[in-house]
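Please walk me through this structure, taking a few individual residues, the ligand site and the nonpolar interior in turn.

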Amino acid sequence: MRKYLVAGNWKMNGGLAVNAELCERMVAGLAPDDAVTVLVCPPFPYLESVRAKLPGETVRLGAQNVSAYPSGAYTGEVSAGMLRDLGCEYVIVGHSERRAMMHESSEIVAAKFAAALREELTPILCVGETLEQRESGETEQVIGEQMNAVLDELGVDSFESAVIAYEPVWAIGTGRTASPQQAQDVHRFIRNILVELDVDLADKVQILYGGSVKGDNASGLFAMPDIDGGLIGGASLDAAQFLAIADAAASQP
Ligand code: PEP
């Protein structure tokens, strides 16, 4: 039985005071639930102060990006070891905003995935197609290539302690969510890629959906058999919304 994971990607938002209030409201509103892991991924400069505001294990800490290198002359980069030092357990790799705006190729994403694993961080590998790719029937090909970049380099065992997030680019920050069935179809496709390689492992890997998840659509998405939670952008900055999404996961039978 896979646990749900509800992960907030704060992107480049927040500030000391705003984060403190958001954390306080989250901690006050969240009941520990064995079936759901709740995670927040603030910007790098706030990792430590956010961790201090999240006592215990009710809310886990993650980062939004990581260097592929362990240390050295990489100005402006942050290594997996540094994230581990600051209490991170997870790190997002291959978010579509980084693939598109920072020109991160699938090979770079695979190297970041490997760097995270070396420091025992759980990578959250984002995959997803653009609207143009969906409309031209290329969804499976695009996602297959994004998955294979990691599988070819690191093998299926590397997914033993990794999470996948299916994030259709056309649904991110647009208010346009994939329907539960549209998302489920792609989640099933992703899981089947792993089934071909290792049936037992495939059954254990958490696959999150991301793209305009809100309090009022989370439940329908999380009810689908291959959707194991969400990667939440905009709604993770609003405590009431984020709590409603976590509650939608906790309320699944
Ligand atoms: C994201 O950026 O990972 C995301 C899912 O954003 P939003 O929820 O705002 O669509």
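A convenient place to begin in this predicted model is a side chain that reaches back to the main chain: a polar atom of the side chain of Gln252 lies 3.1 Å from the backbone oxygen of Ala248. Gln252 itself is placed in the segment after helix 11, the helix that spans residues 239-250. Its relative accessibility is 14%, and because the limit for a buried residue is under 20%, Gln252 counts as buried. When residues up to four places away in sequence are not counted, Gln252 touches Tyr4, Ser219, Phe222 and Ala223.

One of these partners, Phe222, leads into the interior, since Phe222 belongs with Met147 and Phe159 to the residues that have the most contacts inside the largest nonpolar core, a set of 67 residues. Helix 11 gives the most to this core, contributing seven residues. The surroundings of Phe159 can be listed in full: leaving out residues up to four places away in sequence, Phe159 touches Phe113, Leu125, Met147, Val150, Leu151, Ile164, Leu194, Leu201 and Val205, and Met147 in that list is itself among the residues with the most contacts inside the core. A second core, separate from this one, consists of twelve residues, including Ala7, Ile124, Val163 and Leu231.

The ligand is surrounded by 14 residues, of which Lys11, His95, Glu167, Gly173 and Ser212 are the closest. By residue type, the shell around the ligand divides into eight polar, four nonpolar and two charged residues. Several polar approaches to ligand oxygen atoms can be followed here. An N or O atom in the side chain of Lys11 is 2.5 Å from an oxygen atom of the ligand, and a polar side-chain atom of Glu167 lies 2.7 Å from a ligand oxygen atom. With Gly173 the approach is made by the backbone, a polar atom of which is 2.7 Å from an oxygen atom of the ligand. The ligand taken alone exposes 290 Å², and the protein buries 97% of that area.

A last residue to consider is His187, which is found in helix 8, residues 180-195. Is His187 buried or exposed? Its relative accessible area is 0%, so His187 is buried. Apart from neighbours within four places in sequence, the residues in contact with His187 are Tyr166, Ile207, Leu208, Tyr209, Asp226 and Ile227. For a sense of distance across the chain, the C-alpha atoms of His187 and Ala20 are separated by 34 Å, and these two residues are 167 residues apart along the chain.

Note on methods. Residues are numbered from 1 along each chain as its sequence is written. This is a predicted model: local features need pLDDT of at least 70, side-chain atom pairs count only at pLDDT 80 or more; totals for chains, interfaces and linings use all residues. Side-chain values use heavy atoms; hydrogens and water are left out. Helices (H or I, at least four residues) and strands (E, at least two) are DSSP runs, numbered from the N terminus. Buried means under 20% relative accessible area, exposed over 50%, partly exposed in between (1.4 Å probe, protein chains only). A polar contact is a pair of N or O atoms within 3.5 Å; within protein, one must be able to donate a hydrogen and the other to accept it, and residues adjacent in sequence count only if both atoms are side-chain atoms. Contact means heavy atoms within 4.5 Å. A residue is near a molecule or strand if one of its heavy atoms lies within 4 Å of it. Accessible areas come from the Shrake-Rupley method with a 1.4 Å probe; for residues, only the protein chains shown count as cover. Ala, Val, Leu, Ile, Met, Phe, Trp, Tyr, Cys and Pro count as nonpolar, Asp, Glu, Lys and Arg as charged, and the others, Gly among them, as polar. A nonpolar core is a set of buried Ala, Val, Leu, Ile, Met, Phe, Trp, Tyr and Cys residues joined through side-chain atoms within 4.5 Å.
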